[in-house]
Amino acid sequence: MLDWESGRVGAGVNPGRPVSWAVGKGHTIPASGISLSSMCRHATFNYSLPFRRNILIFTLMNFSSRLIEEAVNAFAGLPGIGKKTALRLVLHLSRQQPEVVEQFTEAIASMRRHIRECERCHNISDSTLCTICSDTRRDQSLICVVEGIRDVMAIEDTGQYRGLYHILGGVISPIEGVGPAELNIDSLAQRLQGGEVKEVIMAISPTIEGDTTIFYISKKLGGMGVKISTIARGISFGGELEYADELTLGRSIVARVPYDRGGGQ
Ligand SMILES: [Zn+2]
């Protein structure tokens, strides 16, 4: 039963229904006055039994509607969405006008139907070429190599870069079974054959895997007449020197740059 005012489901479910608890080996504490109403959405239980301290997982979620339950399970399958958040979203949608929800679902379905990978840089795109690759105002002589799509978004948000991108799809990681063949490295080499690209900027995470990837790509692109650079690594802006780890501080010294009063331009 759906309470349209409160958005609560299951009002009227039998309060005596068994409750699933995950109880660990903690100290016994009195749990007087614990309200379970916000979790199971039915009549408030006031347990005063000696519960354990390590009560972490409360799994009961009573649904009186199979439709609601299926929608909650669909949302809960998304990364970062738990069952309670899923229920909140579903109840919100259940209170909207049907056409509003149809617009919502159509936007997602249309995205999935039409989204594709840019055939040049492997960014997400609505058409064969993404908006960045097809923007002729961008510097065609610069390619910034990144691991994933979100890196592109992060760099774009800075407003400091006007070149092109190339998305590898990850980094070389033998432990996880990712070799060069699994990454978009060959297509990067192919992009350089036209001779228009003058510099490749490696914007890869400063990890062992990242360094391995940079080393592999720099060897593969060696001899193609292209300058290869990496993004600067060192002390983060706002960070304090004494708290930096030795590796970061050491790299900052080695990769020092001339002081520029113009703000690093
Ligand atoms: Zn592209």
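## Exercises on the parallel sheet and its core

Of the 265 residues in the chain, 14% are buried, where buried means that 20 or more other C-beta atoms, placed from the backbone, lie within 10 Å of the residue's own. The model is predicted, and local features need pLDDT of at least 70, side-chain atom pairs count only at pLDDT 80 or more, and totals for chains, interfaces and linings use all residues. Residues are numbered from 1 along each chain as its sequence is written.

**Exercise 1.** Determine in which order four strands form an open sheet, and which strands are at its edges.

*Solution.* Begin with the elements: the chain has eight helices and twelve strands, taken as DSSP runs numbered from the N terminus (helices H or I of at least four residues, strands E of at least two). Next, follow the pairing, for which DSSP must find at least two bridges between two strands; the order of the four strands is 10-9-11-12, and the pairing is parallel. Strand 10 and strand 12 (227-230) each pair on one side only, and are the edge strands. From one strand to the next the twist averages 25°, with axes being lines fitted to C-alpha atoms and angles running from 0 to 180 degrees between N-to-C directions.

**Exercise 2.** Trace the bridges within this sheet, and find the handedness of the unit that strand 9, helix 5 and strand 10 make.

*Solution.* Strand 9 and strand 10 are joined in the parallel sense over five bridges, and Val145 has His166 as its bridge partner in strand 10. Strand 11 and strand 12 also pair in the parallel sense, over four bridges, with Ile228 of strand 12 as the bridge partner of Val200. Finally, strand 9, helix 5 (residues 149-158) and strand 10 make a β-α-β unit that is right-handed: with the strands pointing away from the viewer, the path from the first strand over the helix to the second runs clockwise.

**Exercise 3.** Identify which elements supply at least two residues each to the largest nonpolar core, and explain why strand 10 is largely enclosed.

*Solution.* A nonpolar core is a set of buried Ala, Val, Leu, Ile, Met, Phe, Trp, Tyr and Cys residues joined through C-beta atoms within 7 Å. The largest has 25 residues, and those touching the most other members include Val145, Tyr165, Leu168 and Val200. Strand 9 (139-146), strand 10 (163-167), strand 11 (199-202) and helix 7 (208-221) each supply at least two residues, and strand 9 gives the most, with four. Strand 10 is largely enclosed by the rest of the structure because four of its five residues are buried.

Definitions and conventions
A residue is buried if 20 or more other C-beta atoms lie within 10 Å of its own, exposed if 12 or fewer, and partly exposed in between; C-beta atoms are placed from the backbone.
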